[in-house]
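Q: I am new to this structure and would like a close look at one part of it. Could you walk me through a single place where two chains meet?
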There are 8 protein chains.
Amino acid sequence: MDKQRLTQILETLKNGELSVDEAAGKLTHVVNEDLDFANIDHHRSLRKGFPEVIFGEGKTSEQIIGIMERMITQENVILTTRVDEEKAQRVLAAIPACRYEMDARMLIWAPSDPEPTGHGTVLVLSAGTSDIPVAREALLTARYMGNRVQSIFDVGVAGIHRLMRHREAMEKATVIIVVAGMEGALPSVVAGMVKAPVIAVPTSVGYGVSFGGMTALFGMLSSCSSNVAAVNIDNGFGAGYMASAINHIPLPAS
Amino acid sequence: MDKQRLTQILETLKNGELSVDEAAGKLTHVVNEDLDFANIDHHRSLRKGFPEVIFGEGKTSEQIIGIMERMITQENVILTTRVDEEKAQRVLAAIPACRYEMDARMLIWAPSDPEPTGHGTVLVLSAGTSDIPVAREALLTARYMGNRVQSIFDVGVAGIHRLMRHREAMEKATVIIVVAGMEGALPSVVAGMVKAPVIAVPTSVGYGVSFGGMTALFGMLSSCSSNVAAVNIDNGFGAGYMASAINHIPLPAS
Amino acid sequence: MDKQRLTQILETLKNGELSVDEAAGKLTHVVNEDLDFANIDHHRSLRKGFPEVIFGEGKTSEQIIGIMERMITQENVILTTRVDEEKAQRVLAAIPACRYEMDARMLIWAPSDPEPTGHGTVLVLSAGTSDIPVAREALLTARYMGNRVQSIFDVGVAGIHRLMRHREAMEKATVIIVVAGMEGALPSVVAGMVKAPVIAVPTSVGYGVSFGGMTALFGMLSSCSSNVAAVNIDNGFGAGYMASAINHIPLPAS
Amino acid sequence: MDKQRLTQILETLKNGELSVDEAAGKLTHVVNEDLDFANIDHHRSLRKGFPEVIFGEGKTSEQIIGIMERMITQENVILTTRVDEEKAQRVLAAIPACRYEMDARMLIWAPSDPEPTGHGTVLVLSAGTSDIPVAREALLTARYMGNRVQSIFDVGVAGIHRLMRHREAMEKATVIIVVAGMEGALPSVVAGMVKAPVIAVPTSVGYGVSFGGMTALFGMLSSCSSNVAAVNIDNGFGAGYMASAINHIPLPAS
Amino acid sequence: MDKQRLTQILETLKNGELSVDEAAGKLTHVVNEDLDFANIDHHRSLRKGFPEVIFGEGKTSEQIIGIMERMITQENVILTTRVDEEKAQRVLAAIPACRYEMDARMLIWAPSDPEPTGHGTVLVLSAGTSDIPVAREALLTARYMGNRVQSIFDVGVAGIHRLMRHREAMEKATVIIVVAGMEGALPSVVAGMVKAPVIAVPTSVGYGVSFGGMTALFGMLSSCSSNVAAVNIDNGFGAGYMASAINHIPLPAS
Amino acid sequence: MDKQRLTQILETLKNGELSVDEAAGKLTHVVNEDLDFANIDHHRSLRKGFPEVIFGEGKTSEQIIGIMERMITQENVILTTRVDEEKAQRVLAAIPACRYEMDARMLIWAPSDPEPTGHGTVLVLSAGTSDIPVAREALLTARYMGNRVQSIFDVGVAGIHRLMRHREAMEKATVIIVVAGMEGALPSVVAGMVKAPVIAVPTSVGYGVSFGGMTALFGMLSSCSSNVAAVNIDNGFGAGYMASAINHIPLPAS
Amino acid sequence: MDKQRLTQILETLKNGELSVDEAAGKLTHVVNEDLDFANIDHHRSLRKGFPEVIFGEGKTSEQIIGIMERMITQENVILTTRVDEEKAQRVLAAIPACRYEMDARMLIWAPSDPEPTGHGTVLVLSAGTSDIPVAREALLTARYMGNRVQSIFDVGVAGIHRLMRHREAMEKATVIIVVAGMEGALPSVVAGMVKAPVIAVPTSVGYGVSFGGMTALFGMLSSCSSNVAAVNIDNGFGAGYMASAINHIPLPAS
Amino acid sequence: MDKQRLTQILETLKNGELSVDEAAGKLTHVVNEDLDFANIDHHRSLRKGFPEVIFGEGKTSEQIIGIMERMITQENVILTTRVDEEKAQRVLAAIPACRYEMDARMLIWAPSDPEPTGHGTVLVLSAGTSDIPVAREALLTARYMGNRVQSIFDVGVAGIHRLMRHREAMEKATVIIVVAGMEGALPSVVAGMVKAPVIAVPTSVGYGVSFGGMTALFGMLSSCSSNVAAVNIDNGFGAGYMASAINHIPLPAS
């Protein structure tokens, strides 16, 4: 509710210019108009220290530049996801303070590196080299949302011994993001080895009955390990965001 | 590696009965046989204070009784999921110390109530009355894995004001499990209102193009809110387990 | 917002027991708790003269009886959909004032027949004899929501001349509900002959590549006629409800 | 039946040039040829004041120009849907009286603005910025078919408070078109808040398990709100046409 | 148009009781009412010598008996398809003149065997023993629609030599119906060996990725042989009907 | 079996150069090598007067030219399907005796027009203008395989009266090919009006839940009319070929 | 070709009763009738020492008894798959020499145990306890086709260390059958550890997006290990048969 | 385990510098770090004489050159699959010792031809000319993995006699790879004629309901022949690899 309007109504009531009934009527009307009052505030606080994110796919470089320029005055970090190299070059020409992470296809504007504010470390594992772009998107998202991050790539299940070598890192992580295409078996194996929550990210890597990531996704959701939940295909950003939410769960004051 | 065998080989080496080469050979052999040594230990520790869980579907009451009787001597809590009433009655007749939660279709054996060990509260929301069995399975799983739990049922998106009434509870929760069938829109709406991680559980409630929960699942994975990850259809147990993993993430010593 | 609490705060302000600031604080708090105030009222008005509806599938006769008995004191009409005959008999034994419409599988409690309040007539067409249950559900829903209704059954496209015979009725209708299974072609043909809005209802009638109604549904949505919109498979109730919403659109005062 | 031919046969009978049998034979023949007599008339009246519509996808600019030039002499309004910018420029060069609406990808030829003839207002809501082209197609279709229109864009369910702000507009609308991609949850939420009929339009916005709009479509058809019916994916034109049909239902003379 | 009414109007005109205008008005009215005149006649002729067919699935034995009793006075042959044995027994008790073909699950009422009226022979081939019910339904349908029929069962592609043995019969047939489940490869092989049109009938025989007949159906439609067209899964009746239509194509008088 | 080799073996036997056992051995060997003897002959006869057909999709213009040049010496008619304009121009430059049918995307080489050899007329109906390429492919295939052909385009079910106008042509046809995309309802309607066999051809015309022709295909296979069988999506060639096979069924000598 | 008929024709030729032309004619006729001559022989040899197999699903116990009794005189081993216990008991009552393997749901008739004739050992691995029936079907099929067999059950990927324990057995096997439901990840992991060919068998174990085994199947076919090929869902018999074919590949004489 | 570190620990123990307990502790630590010791060795042996394979799709020519240059010093054969011509030319410019197989789209680097080491011959059959690229990929993979290979192309089931001609080659093969698109019927027919294991490779050849190879794949998995297992769509490489694994199964020493 608009503070000013509220105060004004209440003062008019106090002044005797309005009856209680009239004031009640006016207030009800204001409430109906301004239901979102609390939410706006809440959202503002939610955003503090968190990056603002632009979904770059389907936007022109002009549109991206426009949105970024508007935000730069208000934000500490701005991420733009799914930006191909050509588009990125045009944005960089306009906003040289940006940095382009080519493998993750992200544009990052951050005058200073974000401080890690999460409880522990977000570990990103990926199965094949083709999964790296999605894994990097997850990694950078988590890092710029204030998390210590670590990554181990190319540890697919067809050579299970490669994964075994990294058990210590897996056991130390607070949250693990596992990125895999094709049969998507890696999250099951990883989740069977740790107690931490595992965010599974299917990728569209594969062909034929990989069905653009659906087989990996369904395999992850059918996992016989239970500390696993999945996000949409190729959604590295969502995985990084969810991992950050987990790594920032509020602790009871003690 | 089997401690006893390891010590024995090392002592024989020390005694001079084996050369260094012979001992190396024997040890390599043992390693190859017993690769799982560390894992077993790890798994034992993992299980401490956590319930052992039996997937009841497709098992006869005799099989369930047999497994439970073997476990009772070693465990503090035993959960059996997906048990229909008839089967449950037969198990209760054999193991009267069990309790049957009919709406969640779970059998619970727990001599004493588990202490909450998680950081905060796991909140379970569900959309329709038909979603309650899955929601209850999630709730009881989380509770018996050592979490403070709270539930709010019947807050579907077709009457969004019912949900609004519970914003305070939502904002206080450490993890939120959202259970919904049909169009599965509730997790999107909830995740847009909070910072906490949201575990989305699609249910098979609905008909026609609800496709037994697939429409709800795909809707949840397509969510425009990013602090959401999903589990398999009707997998209340997995959601409770994942939420517990999140609520128990290790904190760095300070 | 709770009227009583609002008035009380305002009166305390008027009495000088609260400052404007204190009153503003209290009111903001109440608003956050009771956002749904307006909605509740709105919903009450929405329901006036409209039937309360119970989805009978998956509910026991005891549950249905319980819900109906609670409602009977407050409502003018109560509809229960998807009730098989056995369940219906048990409900009728408990609440003899009910009537069971066997072909529509509906239980209806209505002390007096509802007055038609809609602008014109809702016409229900169906393609085959197996589609009649869904068509009847649509018809009775529309009728008990206050619409003049008319029905023409068994006018499938394989004998297009049967449909032609009813052009006058089609041209006079305000809204037309068209119920069809198998290839679901009837709504296209009907919509091409009239100006009225057509609600298409696919049924699960058919076998093989009818896919339980999906082929009919997709055919209806792919219709080359444009005054057509569809509801879920076998959703006669939804079609009747939507048709009633159309037949009751508010007219500007003149 | 062709009036002239009918009269001629009857007169020849009256003149005695034909026997009753011969006249009957000739009439039967005419009926078989001219079954569509009534329809043609009906269609002509149907079209009055309504725009003629060309589906531009898959047509060359030459074909579009050709069709438009033929129609310009007979129609008041001509709409061409799904025209990309390049094609549009070529049409505009040939028919400068046209206007191109780039975001809706429509070409409009209308010497004078159409008068609103519908009963009330058609409100178009859309969830995300990527849904705007489809929403605009719906809006312009409705407007050029003689409806007062209003639009509110970017009110997705991930920030439900943005929607709340517009309840008054929603409650005043006669028909509401709701356009949404991804999880397609918006129509459920909107329909739960109003009594008006809601036309749900899924869009192909999204990736992975959004399945090019199918998840949104199935979510809309599975909606737990009942005053909702859906059209095909990205079919803004169909939604605008259906909304217009609803907004023009004939009223009984009084 | 009803001959009697037509004649009556024309005679009244001839008698001078009606003016040409009045007669024209009456005739137009009749035409609008009776558009189906030609069709009805046409349908009557279509049915001559052809069996009337009842789709037995989903009908009770009482309903089947009722429909058959009404038809017996007007028809020469009545076929009822998809009747299980229990239902059949009850019909036979009421109408002893019927015969039940158990493997084809058909009830047949035919006082005398139909004369073959088609040009040549309809040959029915089937792949496995489980396909026989569908094959027999096709065979009996064709036979009772007036075709010479022949059948060769159990000639699946996994033992291609069994098929080779019957080339002469294949080459002599006028139309060939090929019934196959699982991979549905038989129609391709057969059509590659003959010039005659082949009607492919997929059956729901199989498991796993046979998908209840869809794999067979899609294989048949993807056939690299071109003299093949397919009917719905398990639709033996439709195949027999289509084969009969082909075997009865009208020949130009010479 | 190669006649020459057979005769040679038999003569050697007759001459006493071989024993019966030796001759039997040699003959068995020849049979194993030459199993296809009869087939080759059969195929040669099959081809007489029939066009040779090249599937042009995925072949370069060079490949098409090469194949055609090889065939020209042996065939009377050569059809190449699915050739785009650019490819066609290159073929025409090399083989000027060819003709390119742009709408059907076919290249035809035929020194003289084929004589109609079929029993009656093949009628091709199509629903929308976008279906014409497929319809034309069917028409030209049928014509060059020796059939009298006739076509009626643009008679979709959304304006059923347009179809009615052509009932006489439909009733006179020996076989009818019906081409339709989107909801694919036309074959059902047509088949309900005639006794002739109907070949249904789904096209990939449409968008969204038209699923590239699958909805049309499934609708056609679910048809409530029984004298219908379907071919693959966009398979105009197959439909023309099948129709020709039907129009050429052998008649018993009389 | 029938040896007797061949000899007879050749002798008549030698005797001068037939001319070479007449003999050639007769032989051609015989060839056309008896094309399968070589095949039959070949098939007989194929069957030697191999079990005859009856697919029990959908057959009554009477049918199974009938088929078995006919075969007993000719075969050494008869397997019947997919027989439930009730049916099995009735068969055992009639043919007491049979044995019923309840977990594999197979009936086995084998007077003496088959000698292992394959090159090495067929190893059967399975992931979960619910996969055992399919694994046992594979195992018994392989064993009764003359293979040394070994099995290791319950080594799913969620506890990868359990699998590691059995590397020696895996490395010694000639062929490995891997049976897994849910996410079906086990074959990938196993194939990455060995050089032997791996036959992957998906099972219908799981729920929700396990899709009755499809997710497991597609995961297996998308495997990043290359020495893997798959059979149909739950097709333990086929896997055992294929493994036996591999274990019996003919070796070049040396 | 690292031999050097192992020996060092054991020697320190023998020297008395460590107690048995201390040595045990150190060894356990090493084991946890180096679990993959055995695997690495095993993999090295696995690779001996086998080609290293690069999946070329989605890699730039620069990346391929880089990887190949690194490998050339260590390997005897390097295969790169799925390389289009343009990319290949750039690689050939950098590494002229490579050879490009255009139809198989493979780059091969092999200073000397590999010796056949497998037991017998791998036969590759393919159905249509469009299947040849996949068939050639299988053939070359098998050949460079040390197998005698043979190929027979263009023996589709629509002309079954063409296949019959090659029975001798089929019966002599040790393993048969069958490549087919469209309805994918060829593997069933082939497997029914031989005892050898058959690897079925579906291709994406076809259109409409061929579904990019899925219909072929599902047909192959539904095969009524049992000595068949399938690989992913268009996976010629996997088929060649699997066939090689079968052709190299270890034989027991004798």
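How much area is buried between chain F and chain E, and what percentage of it do carbon and sulfur atoms give?

A: Happy to help! This is a predicted model, in which local features need pLDDT of at least 70 and side-chain atom pairs count only at pLDDT 80 or more, while totals for chains, interfaces and linings use all residues. Residues are numbered from 1 along each chain as its sequence is written, chains are lettered from A and ligands numbered from 1 in the order in which they are written, and side-chain values use heavy atoms, with hydrogens and water left out.

Now to your question. About 3100 Å² is buried between chain F and chain E, and carbon and sulfur atoms give 68% of that area. Buried area here is the accessible area (1.4 Å probe) that two parts lose on being put together, summed over both. Three residues, Leu221(F), Met242(F) and Ile249(F), supply 18% of what chain F buries against chain E, more than any other three residues. In terms of contact (heavy atoms within 4.5 Å), 39 residues of chain F meet 39 residues of chain E.

What about charged and polar pairs? Between chain F and chain E there are zero salt bridges, a salt bridge being a side-chain nitrogen of Lys or Arg within 4 Å of a carboxyl oxygen of Asp or Glu. Across this interface, one residue pair is in polar contact, with both residues at pLDDT 80 or more. A polar contact is a pair of N or O atoms within 3.5 Å; within protein, one must be able to donate a hydrogen and the other to accept it, and residues adjacent in sequence count only if both atoms are side-chain atoms.

Next, look at which elements build the side of chain F that touches chain E. Those giving two or more residues are helix 3 (37-47), helix 8 (167-172), strand 8 (198-202), helix 10 (214-221), strand 9 (228-230) and helix 11 (236-247) of chain F. Helices (H or I, at least four residues) and strands (E, at least two) are DSSP runs, numbered from the N terminus. Helix 11 of chain F provides the largest share of this side, seven residues. Sorted by class, the side has 24 nonpolar, 12 polar and three charged residues. For that sorting, Ala, Val, Leu, Ile, Met, Phe, Trp, Tyr, Cys and Pro count as nonpolar, Asp, Glu, Lys and Arg as charged, and the others, Gly among them, as polar.

Salt bridges do occur elsewhere: the count over all chains is 57. In chain A, for example, Lys172(A) pairs with Glu168(A), and their closest N and O atoms are 3.3 Å apart. Both residues lie in helix 8 (residues 167-172) of chain A, four residues apart, about one turn of the helix. Lys172(A) is exposed at 62% relative accessibility, while Glu168(A) is partly exposed at 48%; buried means under 20% relative accessible area, exposed over 50%, and partly exposed in between (1.4 Å probe, protein chains only).

Finally, chain F has a partner copy to compare. A turn of 180 degrees and a shift of 0.1 Å along the axis lay chain C on chain F with an RMSD of 0.3 Å, which is the relation of a two-fold axis. Copies are superposed by least squares on the C-alpha atoms of residues with pLDDT of at least 70 in both. Within chain C, Ala185(C) has the C-alpha nearest the axis, 2.6 Å from it.
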